[in-house]
Structures are given as structure tokens and as C-alpha cells.
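Reader: I am new to this structure; could you walk me through some of its strands and helices, one question at a time?

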Amino acid sequence: MNFYTMFLCTRSHRIVLKKKLLIMKLTTVLLMATFLQVSASGYAQITLLKKNVSLEEVFKEIKAQTKYHILYSPQALEKAHLVNISVQNGSVEEVLKQSFQNQPLTYAIQNLTIVVREKRQPGNTFLQAVPVRGKVVDDQGAPLVGVTVKVKGTNVGTTTNVSGDFSINAPDNSILVFTYLGFSDQEISATTIFLTVVLKEKITDLEQVVVIGYGTVVKPDLTGSVGMVDIKDMENAPVASFEQALAGRVAGVQVFSEEGQPGREGMNIVIRGSGSLTQSNAPLYVVDGFPIEDFDAGTLNTDDIESINVLKDASATAIYGARGANGVIIVETKKGQIGTPVVSYNGSVGFQQILKRMEVMSPYEFVRYQVDLGNGASYLSGGRTVEDYRNVEGVNWQDQLFRTGKTNIHNIALRGGSPSTRYSISASMYDGEGVIISTGNNRYQGRFSLDHNFNKKLQVGTNINYSSQTGFGRRASTGAASHTTLLLYATLAYRPVTGRIDYSQDDLVDDIIDDDINTLQDYRTNPIISTQNEYNKSISDNLIANGFLKYEIIKGLTFKTTAGINSNSGLSEYFYNSKTSRGTPALPTNGRGQWGGRTNSKRIALSNENTLTYKKKINSHSFDILGGFSVQESRTQSNGFIATQVPNESLGVNGLGEGLPFTNSTRASVFTLQSYLTRANYNFNSKYLFTATLRADGSSKFSKENRWGYFPSAALAWRMNKEPFMKSLDFVSDSKLRLSYGLTGNNRVSDFATLPLIGYNIYHSYSFGNELPTSGALIESLGNADLKWETTKQIDLGYDLGLFRNKVELTLDVYRKTTEDLLLNASMPTHTGFTRVYKNIGSVQNQGLEVTLNTVNIHKKDFSWETNFNISFNRNKILGLTKGEDNFFSAVAWDNNYANTNLYIAKVGQPVGQMYGYVWDGVYQLEDFDEQRAGVYTLKNTVTTNNTSRTSTVRPGDIKYKDLNGDLVINELDQTNIGSGLPLHIGGISNRFTYKGLGLGVFFQWSYGNDVFNANRMTFEGSATANRNQFASYVNRWTPENPSNEYFRAEGAGPGGLYSSRTVEDGSFLRLKTISLDYSIPKNLIRGVKVNNIRLHASAQNLLVWSDYSGYDPEVSSKHSTLTPSFDYSSYPQARTIVFGVKASL
Amino acid sequence: MKLKYFLALIVLILSLSSCKDMLETTPLDSLSPKNFYETEAQVKSALAGVYDRLARPQMFSDQMLGRMGLDADEAYYASSTKIGVAVYAVSATDNNIAGNWQYSYEGINRANFLLENMDRAEMDQREKDAIKGEALFLRAFYHFLLVSKWGDIPLMIKAVKSADDVNAPRTPAKVVYEQIIKDMTEAEGLVRTAKQIGHSGRISKSAVRGILARVCLYMAGEPIKDESKYAEARKWALKVMNPDPEDGFQHELNPSFEDVFTKMARDEYDIKESIWELEFWGNGQGGYNETGRVGSNNGPKYTGTDPDYGYSYGWIQITGRYWCLYPNSKSLLSEDERREWSVAPYKTTGTPVVETPYTISQIYERNSGKWRRELEVSLPRSKNSGPINFPMLRYSDVLLMFAEADNRVNGSPTSEAIEAVNQVRRRAYGKNLPAESVKMITVSGGSKYTSAPVVSITGGGGTGATAKAFVSGGKVVRIKVLTEGSGYTTPPVVTLSGGGGSGTVITPLLSKRRTSQADLTASQTADFASFQGVIEDERSRELSFECLRKNDLIRWGKFLPNMKRVLDDFTDGDGEIPKASSGTAYGALSYENASIKDLLWPFAPDEMALNPGLKPQNPGY
């Protein structure tokens, strides 16, 4: 087993160094003149203080003090002169540099070996053939048999034997060429001695290996639609979780966050549209081969990621059968590479700011509005006029709430390995302060992976990832049932000035509550004090540990078994003291005193997968057959409590035990899955390719009769460019047509949806005889024993084109995805006693087009420019709902007054997520009325009234809606679709430039055609609530002198409790998502420093947004679900992040 | 060779992990009906779940109290809201109506689950029978609420077992009523007596009998008009009045009308008068959520934060016509002592609180006052959450139902029927209370008060009267009688001390119990029609704001005429009935809106889409 043990050469010939060699050595890790001991001690320091010593003497010292080996021919040393060395605790290089000064010799360091040669004399072209021996292995360390070894420019050649060994007579100063089918050619200087040559499988752009479900495939042989993320392009994005950088990177993959709250961004990934209406549309994640449902991408460090592939079509996803319907994201993490241990560090500091502030009324404008509302008395007491407020500065609440957040990111990794053992150890820290005071998040994470080959046949490996993530601070968009309890509401609504005679703002700034507001309807509290005092923290500790064993039973037949655990512990705790919005006694609704709660949750998922793979190639026919089975189990449990009237608030959450118990809860559930899977790949000459898969899944969520689902798929691909008729088109480097069809499944219903369940709930109790209430039992669910798998049928037609040696790569995909037997949390007629039951009812279709274009525009020695572009169009359509149901309405819980008003409609024949309401039609103008007498107006009989009475209620300047049915009255029959939460197309374009050591990446991302419902404007444009500040835009409201058709008059909001198109806004945007600049410090500048590479970088995330949206950011969905997208109320604004960092490796 | 071992190993792993049991999981934190309903505690919890739905906001804990138009001509919704069932602007999508429907059927479903599964419970047989009887009764009562509001409805006497079992046709109302009577009659034999239960929170034999009387009256009246049911109504009412000997118990009226409601507010029971109360409990602090808005929706409005008062929206404001059902409409004090309790004669503002009396011309402004949160004992008071129980059946109702049914059966008033009404009236006029008391103290004038003076009441021949003063703007605005005392023959001397002011003119008003005429006059009992008319008014005087009026009017066929009568009152008044003030003119909206379609509530469109059997929609929607 010690074939890689060091061989010291005793070759006695002159050794000539070629200049080129040094460059090669520095630039490639593929060549290793010798094996490298896996030991960091090779870097030990050396002390040598000697005068007039021979080189031989020096070498002895080096060997004694370090682990370096030195190769030289004694004859060469004869020509050397004596040297003076003075190095104290220096590096070996230092010693060598001094030793070789003015010598006729030169040296090169390769890993732990120093090779000494004579300097090449000009005109010395004398060549002499000498035997060179060596061994050729692949990057896993396995010997390669039959590798052709040739001396460049000659016919001298040989091949490697069964052990990968070779021996060849090569003239000194010549180059050996190693060629092997499927592997990149290697050219290596025939340096003396023994060579260990590592050949890498070909990884040209076209021929890169793509990780797919249960295996890998070279890109040309791919039959399915797989989106590949350009990790290089992404890695400079300063984000906590890779999802945050994924938007716009892959065609067909929509990624968005619900808001900007750090650590609680609510990332959503939807691949090729939403197939499910009420259930999750999240894709399945497979990390290092382990399928993980409900994966938290934040548990991974972006720096640890080697590749991300997105499986989109059924051919690619069907191997994951039961859980493939929403697409699959395959993440591979970085593994150790054969070679010296590489320590790399990547650190940055960054700054975060919000992109814009909302313009609110100035004190003058505010007071004028209060006067218009009839609330001016307190502001105008003591003979003051509105004009007196002209120069009052007022309080800028946004200035106090928002700050410059900071991020600190540190990643460190050690990776290395020998042909038999590879390892990777990494750790990371992310520390982020949000742009809102007292909010932020952090993460501590570590990862370990080890792969070991016991022998040619047996291989084992393990991956362990641990992360602890914390998000803290007040939540911006959640609160009590009134919209006035939320943070951004309070910030924007808090008035800039009071009517106090001395204009003193002290009480406004320092008190928890504004004394003049009506605390029965308006629950706003001082946003600054409340945010500073609110304790709200959630901690998520996640451990992923898994291992595999692979054994090659006979040649080509491999058995692999894996076992893994994914354990997630969550702790969320909160405490509202007397200076917070929910704990202050100043609000009459706060009946709980000072209170808080704590919830613990745990999820453990176990999995075991076993596969057999057989690969065989017979002439032009290649087969690859996979069979396997797997079992999974997932258990969840949670418990929590709330305590109220806590006596000692200074103890915070730890003093909850002293309060009164309020509620306590425990939940637990379990689900298991068993699967059999098989796949066959066949290809003829890599020209005709065929893939078929079949997976059977049994889920504990379904009753025995319906338990098993079968998910087949098939795909064909034809590489036309291999046909004779295309051979002549030599600019076409690739031309492949793909067609696939298949079925995937979904079982994402609650674990026991088939069973009727009876539970106790404190809210269903009843007190008999004034006694402590008797806990009430309720029928929690009807249960539906007939539930079965939801099935998604998908057809995909794809075309890949590569031109000019793949400098231009184009991928087109059209697909139609139809989800049937939809697992719908369907409406029940309530006479049954139930409002919802899971049913296999309904059908949703998504069809679309995806275009990806990658080009290498310029590729020169010093300058390159590459562009990646993708665009995707998806059209969603509901084909059916529960029997009898044409519409599925959804309300958004943001305010009690709207709790029963539906804003979203899912209608058969239309896309999901449509906004529904009244069509806004401007403002009633004077000419719409008959003036009965001065100032008394009656709406003309020909004009539609927005209220029942024409005489008294409707007035000039009031809001006007469109009368759709022409009955001249606005009522529920006048509602219609007023917007769509779904974009028409999304995409991204990335440009990367390099000039010498300088790199620049510019990445834009967009979404076009989606609407956002901006509910903030319902509160801040024309709210009649006293002392509530408004958006500056509302200054332009209707008055007889200013007959605005856009902003209704003060108190002209019309009937309450309805939604209209007035606050539906175009949510299209173009975002300069990431821009990064990096600079590699030239090697000659850092020669003295013991590092291989230092790169400085500056990057910005979310730098600029072009959008017509009037709110903080158009990428928002604060009450997100598939049915209720793009609703904005009091959302945490998205931040712009700029970081400066350094990457170094040694 | 190795291959063989490996294949063997694979087969082994396959057989291990594919063991069939793995996919058989059972719920960890809930039970299924199969393993529930086994112990007495479980069965009692299931019963609590059945009661629970009645006491939710969609039902009697909030919406039905003044916000669903159930008070009809007695009162209107004190809000400028223009849409919704509260102001008879009902659309089929009305959420309050949909919620009421849903919660009633949830109650039915829970009762059905309980009835279908409880037989196997191992528990005391007496308790088991009682629970079965209560579940049967409640299932019937939920159906009764539904059939009286929607007409023909799906009759659900079996639990739905399958997700596909969604089609339930409308059962004719008559059939539904028959099932209700059948279930309740069975329940009567199973439940305990009022005495055995000892409080009004569970269904007793008396409650079943009394409600059966109500059900029979509804069935006998519009729109079903099965007049044979009057005799049954009479029979059931009489069973309450003359209970079985084994009941060991005689229902009686509380001598004080006021005390019926102060007891409710104080969480005390009066099982002789208040036969069935919907129970509310606590103040919403602590884990339970068993509170209601009795007093908060239908009490005197109070929107301050004085801790001695409870927040109240005062949603119910009375009509002039209702006011004039009582005698002495132009006086601050009526001989019928129900008026000044059922209608709060003062308004309540500010923190700390100031009560200000209404003038005699302020009628439409007044709130219903039966339930007053200042009397609550579950402290501190929360804004929307109180413990006051709501009366579902009172003995006075039983007496009036008896009289009505008896009059129908006999075609003319009998002495028993007249006596039943007179019993209610005598109590109303304080005839059962000792002599005269201080009912009210009016004030005028006065100035320079900086704080409330102490009130002392002396002389007048009686004892025990106490009062409290409220000061506002330097004046004593109100002297509130806290305890009325007794034995007064002449108005006592009321003096104020302290408070820094002077000059207040004080007039104490005594009750007129000795001289007032409570019993019906000969003309009122002359014939069937006049007696029926008296009973109709008497029901309003006695049972106002107890969610009974609208359906009473409907069964008498008087809903529309009565509503239109009030509409005219608002603008023009009618004889002694005043018109509305400008500030309350908006209240006319309900009466303007009320139309024939309001006899029945609509089915929600969602509901109709999901249940094809629900067609056709009720008329007018």
C-alpha cells in the first residue's frame, strides 16, 4: 500500500531545469513529483547560521530540521561553491535563496521536495535519453490502467500497467504527454526520478460532471433539464445563506424573500411555478446525496458549497418520486483535494443600509392635515396658525429607527488529502446587525468531511455539519390583531410634532405612548423605546451527520449504503416588558401585564439509502443501471408556554416562572417513508441517449390501500452534432435535443390527515356552574381515509446548443407541468361541522419557457469577459378545485377590520394569487353632484354612488370606484380581479470581467409583470385617525381648489373594510443584486509571506433597485402563501449590503 | 464469492427495513374517536365542547348581542355602519351570518360524535344519561337556532364520516322542528332536575321543558303555522310551572326584576327564576377564553379606562316605541320598575368615570342596561372579556309563553293565563318588594364643586338608601342611588357634604309600589285579541334584548309592520312616541332596510357551491 512512498532518486545525469517548469509547478496541483506527507510540520521553521559551508551541508541541515526531501545529483553539486547562510527562524525558501545565490544551480520546491538542477546553459541543447518511472492515478488515487505515455514530439511511447506504473526512456529536457480517454491530457516535464501523475477527468465546460439524483453524469450525456448554478459567480455575494444569492441565477427558479428581517427573511424557492395551492411548494434538497425535507439553507456556509444543481424536469426529479414534484436542489459541498493541506481564510466586514426611506409629512403638512380633519384645536391653541409650524423641524422617526447595520463574516477551512484519504474541516461565523435598531442575526457553523479508500474496492466517507443560528429583535410585520400594533406602522404613524405650546417633543420621544392618541383604536407605541425593549429571539441548532460505504463488488458493480441524521432544535422566546408595545399598561388592550413565552421544538429525521449501480460499456453501447431502496423517518415535537402578569420584569424571559401560567402546549408527530428506486441509462456513442426511471414510495401519511405511489419517467436525448450531417458545421460544438416525460409525487399533508382526530383545546372549554372551565374536546379533523399521492405529470422539450467550442452555450426548455389529484386543504360545506379537509381534488397547470445563454465574449491572456443570461416565463392556471367550487377566496390577516374581507381569489381557469376587490376610479369631482344649496351636494342620479345614500354620505372629493354591473351602486357585485402576484417573466444577467489579477462581477436580477398590494397606503394616504402622520404624497389631496383625481379629500375614504386597485402597484423591478470587485495580489509581492494567494475583494449586495413601486422594496410578501402573494404591510425593508474582505490561502 | 455475500447482505437489509410495520404510525398528540369517549372525564369534555360553540363570538358571546338585528323594533345598532346584518343590509356573503351558521353546525357535529360514541364509556349511569340528554337537547337547540333563522336547513342527526359526504339537501322546516321536539322530548327524560344540578349552567328538566314550549310556539306560529303545537307549548310551560313531584322544586320569580340581572353580573345563580344561562367565565386573563361581551355589547356605553367600570361599546340603543311600552313615558321614573333597569337612564364618560343622567327628551340615545359591567366581580375588567352569563330561559318567559299558548288553545283568556301574566307584572311593579324605596334622585343647579360630595339620605320614614354623587364642570351632575332602602313614605332629605361647592337642587323620587296598578285591566283581558296584544307587549317589556324579539315578531307575522312603524317613528314620531334626535337619526337605516327578505337569513355562496343540496337560496338574496 505504500506505492506512494517517497523514492529518492540517485540519477547521476545532469539535470536541466526548464524555466517553464517552475510556472507549471506553481500553477497546477495536478502534478506531483512525489507524494506529499500529510503534515503541516513541513512548514516548520529553520535556523541556520553558517559561513562557508557546502551545499551538501546545508541540505543535511534542512533535512534534519524540516521534513523536506532534497533531490540532487552529486555531480551537479561539485560545481557549487561554498555559501554563507544566516537565517534565524526563517523559512526553507530563505535558506535556499541564500544558498543558491550565484550558484550554477537552481532549485524548485514542490510540496515537500526540493529539486536541485544545473542552470541551463545557453546553447546546450544536448539531449540524452534517460529512463523515467512513475505511476498514473485518478483524483481518487485509483491507478489508471492503459494510460498512453509519450515523449512529446517523438514516437516514443508506452502505456501504464495494471498498477498504473510506467517506465519510459525520455531525453532530458523533454516533455511527457499522458493521454487517457475521458481524462484531460497532461504534459509533464520529464524531470528525472519518479513521477506520480494525477489525471483529472475532463472538465471542459461542455464535459463537466453534473451531480444528479443518486449519481453523476457528464454534461453531454444529460437527458434531463438540470439548471447549474455558477458558484464562482455567486460566492462573492455577502449573504448568510446561499438562497439569498440564488435569485435570478437559474432559469425556471423563482427565489424571493418575504421581507428583510435578518435571519427571518422567509426565503421561498419555487421551481417552474406553484403546483400546490394550500401545501408547501418548497423543493426537496439533497445535500451530499442526502435528501432533506424542510431544509434550512442557512445551516450551510456558502463558502463550503462546491456546486448547486437544480433538477427541474420529471426525468431528473422522478428518481426522488414522492418528493420530486416541486423540483430538487442538489448541493455538493467542498471536499478535500489530494495535495498539501490548504488553509484558506475568507473574511469580510460589511455595512447595511436601507435602500430608501418613506417620505412622510413634515410638521407643517401634518398640522395642516389635522386641521382639515377637524383635529386642529390642540395644534392651534394660543392663537397659533398652521404657518407657525413651517419651520418646526419635528422628530424624524425613521432616522431613529434605521441605522447602518454591520456584518462580520469569517470563514476558515483546512482541506487536503492523499490518494486514499481526503478531508475537509471548516468553520464559519456570521454576525449581522440589522438596519433596524436591536435587530440582527448570527450563525456559528462548522463542517467536517472525510473520505477514505481502504483499497481499490472499499470506500467510506462522512459529512458532519453543525450550525447554530440566532435571529433576534422585534419582528416588523407581526404583532397583535390590529394593524396599529406593528413596528413600521408605529414608525411612520408617529407624529413629528405635538400641539404642546412649547413645541416640546420630549414627551413624544421619551414616553412609551403618545398621550393624545385614542388608545382604544390605535395601539401604536413609541417605536424606538418599544423596539429597544422588546426581547424576541429564536435559536436554531442544526446537526446533519451522515456517512456512506461504497464497495465495488465486481468490476462495474458498486454497492453503496448511506445513513444520515438531521436533527434540528429550535428555541424561540420573547418577553414584553412595560416599555414595549405589547406589555405597556398604557394600552387598555394589554391585559396580560408584562408577559412572555418560550417554545422548544425538535425535529429528527433519519434516513438510510442503499443502491447498487452497474456500469458497463460494450463498444459504443454504454449502460448504467441503478437500483435501490431507502427508508426515512421524521419525528417532530414541540412544547411551549406563555406566562402573564410577570412580577419582576427585569428578569426578562428568565422570570417567566414567577408569572401566571397562561397557555401551555405540546405537539408531537411522526412520519415514515419507504422507497424503491431504479434507473437505467443507455447511450450509444454519446449520440443517442436514453434514461428511464421508476420509483415507488410508500408513505405512512396514507392509509394502507393508497399508501404506495409509482413514479415513472423516461427521457431521450439526441446529440445531433455527432451526426455526419452536422459534422461539417464545425462551429457547432454541441447540439442536443432532449425530450422527457414523467410523473412525480407529493405527500405534503399533515402526518395524520387520513384519521379523524379529537383533541383538547383550551379555547373550546366551558365553565359549568362558574367553576374552572372543563376542557373541551373538539373534533379537530374529519380525516380522509381516501387520501392518496398527488401526482405531477411533466413534459419537457429541451435544446442545448454550443457554438465556437462552447464559447456560446444556449439552453432552451419548454415544459408543461400538470399537477393532478391535488392534495388540497379543501373547503368543506360547514354543515358537516368542518371547514377544511384534505382531499385529492383539483388540478393546477404550469407551463413555460426557459432560456439560458452563457457566452465567453472575450478570452485573452490578460482579459476575459463572460456573460450568463437567463429568462423564464411561467404561466400558472388552475384547472379545477373542489367539486362545486369555482373560486377559492383568501383573506389576509393584517387587521381585524379586514379579517373577513377576501383579497385573493383562486379561480378555475385563472392563475393562483390573483388580487380581488374593487376597481378604483379616482375621486368624485364637483361636477358629479348637484349643489342643493351652498355646500350641500347630492350625487347626480347618473353617477354611481359608493355608499347607500346619495344625499348625505357621498361628497365631492370622496373616493370613487368603478361600477362594473352598471346598477349605479357599489356593492360586492362590483368586485373583480385587480392584480396578480405572479410575474410574467423573471431572470438574471451576470457579467464577469477579469483583467490580470483584477476581477469584476456585475449581476442583475429582475421580475416583470407582478403586482404588489401596498396596504401601507391604506393607512398612510388618507387615514382619518387623529394624530396619525401620513405619507408626504397625501399632501396633494383633493380640495375644491386642488381637484386631485388621485388622492381623495380628508375623511373621503368612503366605506371601510374593502380593498381596491388604488393600492395595487406594479411590482416589477430590476435589481443590481450583486456587484463584486476582487484583486489578487501578484505573487511576486507576497513571495516573502507564507501564503499562496491573497485576494482582496469588495462587494455589494442589493445595491440598486429600479422599480415604480412606492414602498420600501418591491420584493415583499409579508403575509406569504401561494394563495396570498405580494402583500406589503409594515414589512422589514430590504437592506443594501456593502462588504470589504480578504481571501487568503496557504 | 464476495459477490454472493454482498447480495446476501443486501437481501438482509432489504428485508429488515421493509418490514411492513414501519409505515404504520399512530398519532402522538391527539386521539381518534376510536379510542376516545371511554372515560367519564372524556365524555364530560366532549359535552363541554358541545356547549362551547354557543358561547363563542359568532354566537351569544358577541355577535348575537346587539349586532345581528335580533332586537328588531326594540333597539337599533349604535354605529354608523351601513352594511351588514346589524342594520338589515344583508348580503349573502355576510360574515356574521356565515359564522353563526358554521358554529351552530359545529355544535351539532360535536353532539353527534358524542351521541354516536358515548355508549361504550364506562361511567356512572345517571351522569351518562344526563350527558346524553344534554347532548340531544343541544343538538336540537342548535337546529332550533338554525331553522328559526334560515328556514329549511340540512338536518344533521348523524356525524359526517367521509370527506365526500358534502351533499345535504334542505329539510323542510316542519320536519326539522319535529326532530327537534323528538330529541328534546327524549332529553327531558334523561337530564337532571334543576335542583339536582344546583345552578343554571347545565340543561335541567325545566330548561328542556321551557325551551320545548318556545319551540312549539315557533312551530305553531308563522311560517309553519302548525297550530296544534299551541297545546303542546301550553303543556310544556305548565310542566315548568307545576313540576313533577320528584323534581322537588318550584320555580318562582325573583321579587326584584333588577336583582335577576345584578345576580348575573355578580356571577350568582337564581335557579328559580333564571332556568338556563349561557355561562361565561373569567376576565380573559389566564389561559381560558370563556368570556363574553354581555354588558360590553349590550350594557351602558363606557369607553374610558376607569378600573371600577368595564369597557362597553353600548351597541344597543333603544327606540322610542319600546320606551313607550312602559307607562309614564314623559317621566324620568316609570311605575314599571323594569324600565329604568332595562334602559340605563344615564350615560357614562371619562376617566375617572362621570355618570350623567339623560334628560327626558333623550330617548333614542339610551342604551340597554340590563347587564352592567360595574357589578362584575371578576377583576380586573378587560375590554372585551367579561364573565356575565347570558339568560337563555327565564321563568317569566315560561309564564308568558303559558299565557300565550293557553289563550290560543282556549280562544280567550283564562284566569290561569291572566294570573300568569299578572305574576310577571306584579314583580315588575315591585309588588313583591317591601314598601317604597328611593328609586332616583334628580339634581340641578349648583356650582364650584371640585370633587364629589358625600351624599347622606335621612328621614322619609325609611332606611337603608345610599347614594353617590358625580361631579363634572363644577356641578353635581348625578346622584346615583346605590341601595334603594325600604319603608319610605315621603321623600327623604338628601344632603351633600364636602366637595367645595354648593347650590345643588336635589329631588329624590320614590317608588309607587303601593299605589301603582300592576294587574291587567278588564279591557286588556276582554278577548283573545286584546290579551294576545298585551302578551306581545309584555314580552318586550320583560324580555327585551334577550335575543328573542325578532323571532317573536316573525312568528306573530308582525315583523315587517312593526319595523316600518319604527321607521316612521324615527322621522315623525307617533303620538306620545317621540321622533329621533338629529344625532340618532342614522338609526332609521335598519328600519328602512328591513324587508321581507329579512324574515330569513341567506346561505353563504361558498356554502351553496360546496353543498349542492342547499339550493335554492332564500328569497331576496
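**A sheet in chain A and a helix pair in chain B**

Author: In this predicted model, chain A holds an open sheet of four strands with antiparallel pairing, in the order β9-β8-β11-β12.

Reader: Which are the edge strands of this sheet in chain A?

Author: An edge strand pairs on one side only, and in the order β9-β8-β11-β12 this applies to two strands of chain A. Neighbouring strands of the sheet are turned against each other by 20° on average, direction ignored. The edge strands are β9 (157–159) and β12 (186–189) of chain A.

Reader: What is the bridge partner of F178(A) in β12(A)?

Author: Strand β11 of chain A covers residues 175–179 and runs antiparallel to β12(A), to which four bridges join it. In β12(A), the residue that partners F178(A) in a bridge is Q186(A).

Reader: Is α7(B) parallel or oblique to α12(B)?

Author: Helix α7 (residues 205–220) and helix α12 (residues 395–410), both of chain B, have axes that come within 10 Å and cross at roughly 40°. Because angles under 35 degrees count as roughly parallel, the crossing falls outside that class, and α7(B) is to α12(B) oblique.

Reader: Is the crossing of α7(B) and α12(B) left-handed or right-handed, and how many residues of their contact are charged?

Author: The crossing of the two helices, α7(B) and α12(B), is left-handed. On the side of α7(B) the contact is made by G210(B), A213(B), R214(B) and L217(B), and on the side of α12(B) by D397(B), V398(B), M401(B), E404(B) and A405(B). Of these residues, five are nonpolar and one is polar, while the number charged is three.

Notes:
Residues numbered from 1 in each chain as written. Chains lettered and ligands numbered in written order. Predicted model: local features only at pLDDT ≥ 70, side-chain atom pairs only at ≥ 80, totals over all residues. Heavy atoms only, no water. Pairing = 2+ DSSP bridges. Axes fitted to C-alpha atoms, helices over the stretch in contact; angles between N-to-C directions. Parallel < 35°, antiparallel > 145°, perpendicular 65-115°, else oblique. Left-handed = near helix turned anticlockwise from the far one by under 90°. Contact = heavy atoms within 4.5 Å. Nonpolar A, V, L, I, M, F, W, Y, C, P; charged D, E, K, R; others polar.
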